[in-house]
Amino acid sequence: MYNIVRNRELAANNIFSRTISSAIGCCLLKLTYGMYTIVARCQNPRHTKIMDLITDESWIRKVDEQTDTTGRRSFALLDTIEKVRVASYPLYRSDDTVCGVSAAYIHDLPLYRPPRGLIHVANPSRRWKSNDVSRTTRSIPAEDSVHIGKMVLTSPARTALDLIGQLGEPEAFAALEQVLRRAVFGSDANADNAARFGYPNNLGRLARANIDESFVPVLERLSKGHRRAERLLAFISPLSESYAESRCAYNLALLKITGFDQQVDVFDENRRIARVDFMHRDSKTIILVDGLTKYVDNGFTLMRKESGQYNRLVAMGYRIVRLSFAESVDLEAFATKLYGQAPWLRTATRR
């Protein structure tokens, strides 16, 4: 899978350092020490023996489809490469625990422009840093670790909480919401079905019970950062359907704006008009978040809402604020857009 090859396997097939060096950047991608993935079928005759080692044609196609004509790889592909890098590293110690952003890759937690290329590991007694690994001296309780294949890594909840210190509160908040969403619904597929057919009425109670049972004990085992973690856990919800929505929810909490509900169904008499991302019922203000452009660097993609639906909401007296992905992840841009188009929300802040 993923056409993973080791130095030893390459040497056994008479592929040595000079050929390997020429293939890197052509058909071979170096992952970590002595580990590579074959990412293309090239026409260079010097690399013929490398082509003979391809076992996963779907990986070749995926890399090609997600690489543009300039050689630039999509962010989704870069995330997958990091996941493969962490999973294929050959020199984990028996007492290593993969943690932080590296564990987040394995757990498929949402990350926006995260650091790449370095595997983060916690070890109770050893510290070491190389081009491949950053090993810090830290003990992870057995209750906060899971086994996946040959790896021991922090659990999803512990990983998300650890991101507070590594990447900051906004990234950790989005990761915590994703972990909670999966815990409440059981899987991403179940969550998608709930989004399509309607969320249960007791979702808030289920979420709170899950936080108390599954997240709070992890928080209590942290060696530091309890106050920041408690603050985030007080606001997370399983209702965010995208990274951008999580960041929007975090910004509302940071600005102390109260009164917004998520995933609200709007009805015109008995006919359902829409489900909106955020609604402030008292002021009839709706926020629509563009969560479709997580992996787009620049530009503004408008939400693809039916014009008739939008016009009907306006006719019913709702004031609508559309936020691009870039505006959702930038607090200053978020506040400027929100208060610029809905200045009455300044009076909706809690003290």
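**Salt bridges and a domain contact in a predicted model**

Let me start with a single side chain, Arg228, which is partly exposed, with a relative accessible area of 36%. Before I say what Arg228 is paired with, please keep in mind that everything I show today comes from a predicted model.

The partner of Arg228 is Glu169, and in this salt bridge the closest N and O atoms are 3.1 Å apart. Because Glu169 sits in helix H8 while Arg228 sits in helix H11, the pair ties together parts of the chain that are 59 residues apart in sequence. Glu169, for its part, is buried, since its relative accessible area is 9% and the cut-off for buried is under 20%.

Let me now step back to the whole protein. Of its 351 residues, 50% count as buried, and its secondary structure comes to 15 helices and 13 strands. The C-alpha atoms fill a box of roughly 75 × 45 × 35 Å along the principal axes. If we take the contacts with a separation of 6 or more, 58% of them are between residues 24 or more positions apart.

How many salt bridges does a search of the whole structure find? The search gives 19, and I would like to show two more of them. In one, Asp144 pairs with Arg221, with the closest N and O atoms 2.7 Å apart. Asp144 lies in the loop between strands E7 and E8, and Arg221 in the loop between helices H10 and H11, so this pair ties together parts that are 77 residues apart in sequence. Asp144 is buried, with a relative accessible area of 0%, whereas Arg221 is partly exposed at 31%.

In the other, Lys337 pairs with Glu327, and here the closest N and O atoms are 3.1 Å apart. Lys337 belongs to helix H15 and Glu327 to helix H14, ten residues apart, and Lys337 counts as buried, at 17% relative accessibility. I should add that Asp144 and Arg221 are part of a network, in which salt bridges that share partners also join Arg138, Arg158 and Asp162.

Now to the domains. The domain assignment gives domain 1 as residues 1–68, domain 2 as 74–239 and domain 3 as 240–350. The centres of domain 2 and domain 3, taken over C-alpha atoms, are separated by 27 Å, and their contact takes 25 residues from domain 2 and 18 from domain 3. Together these two domains bury about 1,800 Å² between them, with 59% of that on carbon and sulfur atoms. Within domain 2, the residues that lose the most area to domain 3 are Phe75, Tyr112 and Leu239, which together make up 32% of what that side buries.

What holds a charge on each side of this interface? The rule finds one salt bridge across it, and Glu171 and Arg247 form a salt bridge whose closest N and O atoms are 4.0 Å apart. Eight residue pairs are in polar contact across the interface as well. On the side of domain 2, helices H5, H8 and H9 each supply at least two residues, and H8 gives the largest share, seven residues. By residue type, that side divides into 16 nonpolar, two polar and seven charged.

I will close with Ser283, which is found in the loop between strands E11 and E12. Ser283 counts as buried, at 12% relative accessibility, and its side chain makes a polar contact of 2.8 Å with the side chain of Thr285.

Notes
Residues are numbered from 1 along each chain as its sequence is written. This is a predicted model: local features need pLDDT of at least 70, side-chain atom pairs count only at pLDDT 80 or more; totals for chains, interfaces and linings use all residues. Side-chain values use heavy atoms; hydrogens and water are left out. Domain bounds come from an automatic or database domain assignment. Contact means heavy atoms within 4.5 Å. Buried area is the accessible area (1.4 Å probe) that two parts lose on being put together, summed over both. A salt bridge is a side-chain nitrogen of Lys or Arg within 4 Å of a carboxyl oxygen of Asp or Glu. A polar contact is a pair of N or O atoms within 3.5 Å; within protein, one must be able to donate a hydrogen and the other to accept it, and residues adjacent in sequence count only if both atoms are side-chain atoms. Helices (H or I, at least four residues) and strands (E, at least two) are DSSP runs, numbered from the N terminus. Ala, Val, Leu, Ile, Met, Phe, Trp, Tyr, Cys and Pro count as nonpolar, Asp, Glu, Lys and Arg as charged, and the others, Gly among them, as polar. Buried means under 20% relative accessible area, exposed over 50%, partly exposed in between (1.4 Å probe, protein chains only).
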